[in-house]
Structures are given as C-alpha cells and as structure tokens.
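Biologist: I would like to know how each label on a model is earned. Could we go through a few, one at a time?

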Amino acid sequence: MPKVRLPRIPTSETAPPPELRWDAPRPSALLLLSRRQFLKAGAVILTAASLPLTRGQRVWAAARGRFFTRSERATLNAVCDRILPRDTDPGALALDAPRYIERLLTAFDHSVPRIFAGGPFSGRTPFPDNDDGTPSRKRPRNSFKQFIPLTRVQDIRWRAELFGSAAVPGADFNDAILGPLVGLRDVYRTGLARVNEVATMVAGAPFARLSTAQQDEVIATLDMNGVLQRDARRGGTFLDLLIRHTMEGCFGVPEYGGNKRRRGWRMIGLEGDAQPLGYSIFSITDDAYHERADHPMSTPNPDELGPGGVLAPRPLSDDGKGVQDTIIFFSTLFAE
C-alpha cells in the first residue's frame, strides 16, 4: 500500500506563550507595534479594516451556493494541503477535501439535504453476465447521487450539528447538562479566523501566504495545549476536527464532494465499491463461479507477479505494518 505522508505534528504538553492562548486578551495594533515587526502590526490593522468587506463576501458566497469567503477558502485550502501534503501523490487540495467540507456545511441548501448518499450502486462497475460468468456491458445508474430524505429526528440532529443546538427548535434538550452544541458552520468561521490570527502572530502573515515550512510551524503551534479552544460537546479542537474532515474528504465516497477521480482510493490501494459485479461471477452455462481476470481470488493479483510468473508480493507500507502490528498485539493479548 502506498505511503500516506502526514505531517509530523507534535502534540505538545508545553504551555504556549500567554499571548497565543485562545482566551488571551487581544492586543491592540499599537501594542503589537512596540513588540513585533511593523509587518505583523500592519497585518492586524488590515484584518480589522476588512471586516465590512468580509460580510459582503459572505453574502456573495451564499448567493452562489457557497459558504466560505475567498479568504476563508484560501486558508482552508492551505491548511488541508499541509494535513495531507502532496508529493508524488496528490495532496488534500487536489483530492477536493475543501470541497467536501464546504458541501457538508451547505448540506441544507438543497431540497433533500446532502447528508446520506443513496444506493445501492454507483455505476462504477457493470452488472455481471450470469449466462457466461463475465462482466456485462450494462451498468446501473449512479444512485449514490440521489440523497436520501432525512427523518424528522435526523433532520433535527443534523441541523443542530451544522447550525447549533440553540438555533434549532427541539435540539437543545441536552444543553442544560452538556452545554450548547456550537454549529459546525460557526466552528469553521471561528477556527479559520483563529488559524490566521496565530499565523500572523507567529510568522507575520495569514496562513495561506506563508511558506510550507512556516505553515508547518503554525500547525505545530496550533496543536499546543491552550492555543485552540476545546469543543465541550465534540471533544478535541478545531484542528482535530479539520484533520478528520480532511481525511473523510480525501478517502470517502466521491459523491460527497471529495476523493476527486477516486485518486484517494488509488493512492492507498482501495478499489471502492465493487457491486453489482463483485469478484466471483456465477455462470449458468457451466454451473460454476468464475473469478475476474483482473481481480483473482485464489491466485496472486496481476500486479504481484514478477518476471516469469514468480510471486512478488507488494511490501507493506509503514502504515500497513503499524496496523498489522496492532492486530497481532491485541490478538496475542486476548489469547492469553
């Protein structure tokens, strides 16, 4: 399996500088000017001056079925592409992870909310021809594109997830005990703004304008305890949430908006959904199952045969070895 290269983000128990804590008082531009380069103070002033423009950008984005402003989208693109950086394989941006996230946040902009994709077939494989046990030329329509209407309870639950429990009638039943659930739309607005705030304090510019080395430094800072506020209801910080959504966007079903051209699946050796074709096709003619030539079940895969037909298994990546070692460890532990 190809190696998925994730950045090394140290989970530091060291307390960050006081001014980087999420609950620290926000310094004025004049105070910053006396402590930092003029560039950093200028960035803060420009950020404050752009607030009315940002409101206009949000209206413009919403009118076009979008959620993020141009500035927010630039930050999101850059952070996602450092969570899963590109090398010889595509990174998160090329795999459309930001598009997946925006589609999630705008799920209720459609008559049928884009929460649960339909099925059972995507049209990526054809129907089997059971007369002779081979793939046919006929494919099912992609019913994954037809999203499933939500039940009343599901609608309440997912609206609360996106807009917040206080904004959805009937969704605040746990708020007295657990506190209000902050909607993901607000979480992303606040989180991306905080990323740029920390980037400006650490490196003197918004995140998207930094070099990759500086961006990795900012991400490491964001991962320090206290720099980002923890979500009382979901657990974790905005960075934890963004990493999870980025992975979903890179390797999930393409109909949700990510995994562009299924390149995420190919990168980690996944084939995706295989039905209705399957891997063994029954033949009425000879009353037997036939294995697919491109995916044999009882003989080596074609890409694991070396010269002369000698078996040459593909080596496990470090990630694969880690999974294998974990399975062995727990199997041994429970066997004793």
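Modeller: Let us start inside a helix. Gly191 is found in helix α8. Keep in mind that this is a predicted model.

Biologist: Why is Gly191 called buried?

Modeller: Its relative accessible area is 5%. Buried means under 20%. Gly191 is therefore buried.

Biologist: Where does Thr237 lie, and what makes it count as buried or exposed?

Modeller: Thr237 lies in the loop between α9 and α10. Its relative accessibility is 13%. The cut-off for buried is under 20%, so Thr237 counts as buried.

Biologist: What does Thr237 touch?

Modeller: Leave out residues up to four places away in sequence. Then Thr237 touches Leu228, Gln229 and Arg230.

Biologist: How far apart are Gly191 and Thr237, in sequence and in space?

Modeller: In sequence, 46 residues separate Gly191 and Thr237. In space they are 9.0 Å apart, C-alpha to C-alpha.

Biologist: Now the helix pairs. Why are α8 and α10 called roughly perpendicular?

Modeller: They pack at an angle of about 110°, with their axes 10 Å apart. Angles of 65 to 115 degrees count as roughly perpendicular. That makes α8 roughly perpendicular to α10. The crossing of α8 and α10 is left-handed.

Biologist: Which residues meet there?

Modeller: From α8 come Leu184, Val187, Tyr188, Gly191, Leu192 and Val195. From α10 come Phe238, Leu241, Leu242 and His245. By type, this contact of α8 with α10 has 8 nonpolar residues, 2 polar and no charged.

Biologist: What makes α5 and α8 oblique?

Modeller: Their angle is about 135°, and their axes are 9 Å apart. Roughly perpendicular ends at 115 degrees, and roughly antiparallel needs over 145. The value falls in between, so α5 and α8 are oblique to each other. Their crossing is left-handed.

Biologist: Which residues make that contact?

Modeller: Ile101, Leu104 and Leu105 of α5 meet Leu184, Arg185 and Tyr188 of α8. The contact of α5 with α8 has 5 nonpolar residues, no polar and 1 charged.

Biologist: How many residues are in the largest nonpolar core, and which have the most contacts inside it?

Modeller: That core has 46 residues. Those with the most contacts inside it are Ile101, Tyr188 and Leu242. The elements that give two or more residues are α4, α5, α8, α9, α10 and α11. The largest share, 8 residues, comes from α8.

Biologist: Why might such a core form?

Modeller: In soluble globular proteins, nonpolar side chains tend to be buried together.

Biologist: What is in contact with Ile101, leaving aside its neighbours within four places in sequence?

Modeller: Phe68, Leu76, Cys80, Tyr188, Leu242, His245 and Thr246 are in contact with Ile101.

Biologist: Asn259 and Asp287 next. What stands out about the phi of each?

Modeller: Phi of Asn259 is near 50°, a positive value in a residue other than glycine. Asp287 also has phi near 50°, again positive and not in a glycine.

Biologist: Where do they lie?

Modeller: Asn259 is in the loop between α10 and α11. Asp287 is in the loop between β3 and β4.

Biologist: How do you know whether Asn259 is buried or exposed?

Modeller: Its relative accessibility is 0%. The limit for buried is under 20%, so Asn259 counts as buried.

Biologist: And what makes Asp287 buried or exposed?

Modeller: Its relative accessible area is 58%. Exposed means over 50%. Asp287 is therefore exposed.

Biologist: Which residues does a cis peptide bond join?

Modeller: One cis peptide bond joins Gly119 and Pro120, with omega about 10°. Pro120 sits in the loop between α5 and β1. Another joins Gln275 and Pro276, with omega about 15°. Pro276 is in the loop between α11 and β3.

Biologist: Now the whole protein. How many helices and strands are there, and what percentage of residues count as buried?

Modeller: There are 12 helices and 4 strands. Of the 336 residues, 39% count as buried.

Biologist: Among contacts between residues at least 6 apart in sequence, what percentage join residues at least 24 apart?

Modeller: The figure is 61% of those contacts.

Methods
Residues numbered from 1 in each chain as written. Predicted model: local features only at pLDDT ≥ 70, side-chain atom pairs only at ≥ 80, totals over all residues. Heavy atoms only, no water. Core = buried A, V, L, I, M, F, W, Y, C linked by side-chain atoms within 4.5 Å. Buried < 20%, exposed > 50% of the residue type's maximum accessible area, 1.4 Å probe, protein only. Contact = heavy atoms within 4.5 Å. Axes fitted to C-alpha atoms, helices over the stretch in contact; angles between N-to-C directions. Parallel < 35°, antiparallel > 145°, perpendicular 65-115°, else oblique. Left-handed = near helix turned anticlockwise from the far one by under 90°. Nonpolar A, V, L, I, M, F, W, Y, C, P; charged D, E, K, R; others polar.
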